[in-house]
Amino acid sequence: MIATFVVLIAGILADNQNRIISDARMRSIVADELNPIRSKLETYINGNVQLVRGLIGTVATEPDMQQPRFSDLARSIFSERSQLRNLAAAPGLVVSMVYPVAGNEKAIGLDYRTNDKQRGSVMRAVATGKMVLAGPVDLVQGGRGLIGRFPVTTSAGGRERFWGLISAVIDIDRLYRDSGLVSSTLGLDIAIAGRDGQGRGGAIFFGDAAIFDKAPVELNVMLPGGTWRMAAIPKGGWPTTPQNAWLVRLLILLGGLMIVVPMIVTGHLTTERQDNMRALRQNKDQLQELSHRLKIALDTSEIGVWELDIDSGKLLWDSRMKELYGIGSSMREVYDDWRDTLHPEDLARAEAEFAEALATGSAYNTEFRIRLPSGEIRHIRAIGSTYVGANGNRKIVGVNWDVTADVETRATLSEAKRLAEAHSAELEAARHRMEFNALHDPLTGLPNRRFLDQILADRVRKFDAGARLSIFHIDLDRFKQINDTMGHAAGDEILRHAAGLLRSNARESDFVARIGGDEFVIIRAGGSSEEDAALASRIIEAMSSPVRYKDQECRIGVSIGIAAQTAAADELSQILVNADIALYEAKRRGRNRHETFTGALKTAVFQTKQTADEILRGLEQNEFVAYFQPQFSPKSLEIIGVEALARWDHPTKGLIGPHAFLKTAEDINVVAAIDQKILEQALFQICRWEANGIHIPKVSVNLSYSRLRDEGLVARLEQMSIPKGRLSFELLESISFDENDVTVMSNIRRIKELGIDIEIDDFGTGYASILSLLKLTPRRLKIDRQLVLPILDSPAERRLVESIIDIGTSLGIEVIAEGVETLDHAHILKELECHGLQGYAFARPMSANDLATFVFERRWRAA
């Protein structure tokens, strides 16, 4: 019955699991069909919104714009492939300009403040100052559409003023058609909620509202300023029964029968066997059963049983007793057998205790040693009791067991106690040694960081109250190189030497400590700033003398940061921080020198830290954006590519170039993260430009040396959608490519295999040699602007540039000139057969939207 019940439950669960798997598969199919529709909706709506943003900036700079000017600007947007129906400008929230005018005349003069259907979204755009996507709504001029409302502000006299709204109307029916929502081949019933971009909180504006109650597959459509919620089910609803349901149920039935039938037969046979065994057990003698149980108990406890007939002197031992005493078949079964095994030292006491128990009839309880024939000594515990047997003879029966391990344990504990007492006198002395070792460096014998912390916290009074204290933070230069090349023994010798020099140059009352690694601290009281500088100079001079180690000269330097109390109340912990800041400045200025902490130095350090914090925040807030500078063919003056440049769109300082943040970014090791941001934006813009009919042959992106040495770089690139032949990585020539860096060369090779070109940037200012060019085989060289600018006036510079171009051409490498500032530069470089030009003579770096307008309008031709 249990087996049948289990099989039945298992069958029900298996059938239910099959139904769950079938439902999951069906939902996956629906999600796969729904995802492209969602993606197209997001792409089209975001693309239409981006097309209008350039118009917003123009209106903000021309607040007095009239209909003709507005139509000219709007016409360039409508030339793009989009779902835009019309554009309207409403200065003061009253529509005064539209494009196209034909068919939209009714919209002119519309006052948004009096229109109940549109006033809510208009006021939301005015209040937030951000673009608001409203709709679908019924248009005044007829039809339905989505309306993107862009608030426009102008600047006058240094103050910003709200100008009005630019409204972009997206044809909702064309959007549905282009996205595939109304396709005749669509196998889904779809509903969309979230009017005005309010997601689940918005009204349902497309499809049957009942779809949301039928366990649909739901996806979010991410829009500018909000979301829609899409729900989809298969046409006709979800199937109630999986296609393979009856096949699965038949297999479950067959499997259940194969399990239950053998178990029924086995259960019947088992019942018969149990009945037979029960009958046999009932016929056994209960006394024999009890005897058997007692034997098991004795065998398990490893206890031996003995019995002595006092009157006859016969001694009976069981097999366990014989094992304990090491006696075999030679046992005579008399009292002497036991006595002869007793240890000579315990013989008299053991016999006396046994005789007393026999004489008095009291309980026998003792412990003694025996000596086995092999010479082994065992400790035995014995318990016994006297009684009168059936024949009237007095007898004593008892048990023995081996307690040797317990006795040895007690002896060990006793010895441990003795040793503990013997060492107790040494503990006090050890405590004093431990306290000293805890506060001193074992290598140099100087106080350690813990001792310094106690002084800083004023838990140890070493200096007179009110005395001016100075702190020297000292760091050894080139110590790591000695440690790495000559071994730790040499490093230890250098540390002991440095500790001795510091002690010999410091005063008796000065506190000299080693606080970790190759760092030391000196605290002195009562000195002036001149005396502090003199001490630092003596230490630097003394440390400059070479140290001999195993017939080799080791040279080290020392950098020192000095900070002093300006008032007696200044915290020493803060003075140490100030000394650390001064030490950092000494290292930054070239090492082997000393610097004294000042307010200006603190300000500079804090500004650097503030910049670092803002860079980290900027990475989190996506403030680093890509600007693009076009590159042109000297012969056709067509765009042959663009270079993606990093810019920081700071929330308060505006747009900032790399010169203001790159050094700090390198210090905090986030250049790779910035490069990744620019790369992702460049790839996005390539797709966006292509979608808008703008073809940029290739985009160049900087690749830092740290990323080039990253073993995981290629794996991350493989996960990105990179069009082959459209992306180039620019490597600075300041990287030494002649070094045998396996990781760098492997990454360059694998990057090329991904269809990404390699370019050498700033060529002529770094380390690249002809051999490195042959080894790297880059696609392009970029001549640094410092070499290009003088070619107008310097024949030597012109010949140098010509030589670089000839070298690149002979190696099959394209050469691009940077810093082309004038058309005269362009003319000369064309004569020198340069392959590409980049510079202010043609275009400055610009945003992605501005570049799209620049290319579409071919503005460099007009210039």
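In the predicted model described here, strands S16 and S17 form a hairpin with two residues between them, and Gly-517 in the turn has a positive phi of about 55°. Helices and strands are named throughout as DSSP runs numbered from the N terminus, a helix being H or I over at least four residues and a strand being E over at least two. The structure is a predicted model, in which local features need pLDDT of at least 70 and side-chain atom pairs count only at pLDDT 80 or more, while totals for chains, interfaces and linings use all residues. Residues are numbered from 1 along each chain as its sequence is written, and side-chain values use heavy atoms, with hydrogens and water left out.

Within the hairpin, S16 (residues 511–516) and S17 (residues 519–525) pair in the antiparallel sense over five bridges, where two strands are taken to pair if DSSP finds at least two bridges between them. Gly-516 stands opposite Glu-519 of S17. Five of the six residues of S16 are buried, so this strand is largely enclosed by the rest of the structure; buried here means under 20% relative accessible area, exposed means over 50%, and partly exposed lies in between, for a 1.4 Å probe and protein chains only.

An open sheet is formed by five strands in the order S11-S10-S14-S13-S12, with antiparallel pairing. Strand S11 (315–317) and strand S12 (364–371) stand at its edges, each with a single partner strand, so one side of each is left without a neighbour in the sheet. Neighbouring strands of this sheet are turned by 25° against each other on average, direction ignored; axes are lines fitted to C-alpha atoms, for helices over the stretch in contact, and angles run from 0 to 180 degrees between N-to-C directions. Strand S13 (residues 377–388) and strand S14 (residues 394–402) run antiparallel and are joined by nine bridges, with Ile-380 having Asp-402 in S14 as its bridge partner. Helix H10 (residues 404–438) packs on the sheet, where it touches S12, S13 and S14, and its direction makes about 125° with that of S13. Helix H9 (residues 347–360) lies across strand S10 (304–309), S12, S13 and S14, and runs at about 150° to S12; contact in these descriptions means heavy atoms within 4.5 Å.

Another open sheet contains four strands in the order S7-S6-S9-S8, and the pairing is again antiparallel. Its edges are occupied by strand S7 (204–206) and strand S8 (217–223), each of which has a single partner strand, so one side of each is left without a neighbour in the sheet. The twist from one strand to the next averages 30°. Strand S6 (residues 188–193) pairs with S7 in the antiparallel sense over two bridges, and Ala-193 stands opposite Ile-204 in S7. Helix H1 packs on this sheet, touching S6, S8 and strand S9 (226–234), and its direction makes about 15° with that of S8.

Helix H1 (residues 2–61) also packs with helix H4 (residues 172–179), at an angle of about 135° and with the axes 9 Å apart. H1 and H4 are therefore oblique to each other, given that angles under 35 degrees count as roughly parallel, over 145 as roughly antiparallel, 65 to 115 as roughly perpendicular and the rest as oblique. In this contact, Ile-37, Lys-40, Leu-41, Tyr-44 and Ile-45 of H1 meet Leu-175, Asp-178 and Ser-179 of H4.

Helix H12 (residues 479–486) and helix H13 (residues 488–505) have axes that come within 6 Å and cross at roughly 145°. Their contact is made by Phe-479, Ile-482, Asn-483 and Met-486 of H12 together with His-488, Ala-490, Gly-491, Ile-494 and Leu-495 of H13. Ahead of H12, Arg-478 is found in the loop that follows strand S15 (469–477). Arg-478 has a positive phi of about 65° although it is not a glycine, and is partly exposed, with a relative accessible area of 39%.

Leu-93, in the loop between strand S1 (84–91) and strand S2, likewise has a positive phi, near 70°, in a residue other than glycine, and counts as buried at 8% relative accessibility. The peptide bond from Tyr-99 to Pro-100 is cis, with omega near -5°, and Pro-100 is found in the loop between S2 (97–99) and helix H3 (116–128). A cis peptide bond also joins Gly-135 and Pro-136, with omega about 5°, and Pro-136 is found in strand S3 (residues 132–138).
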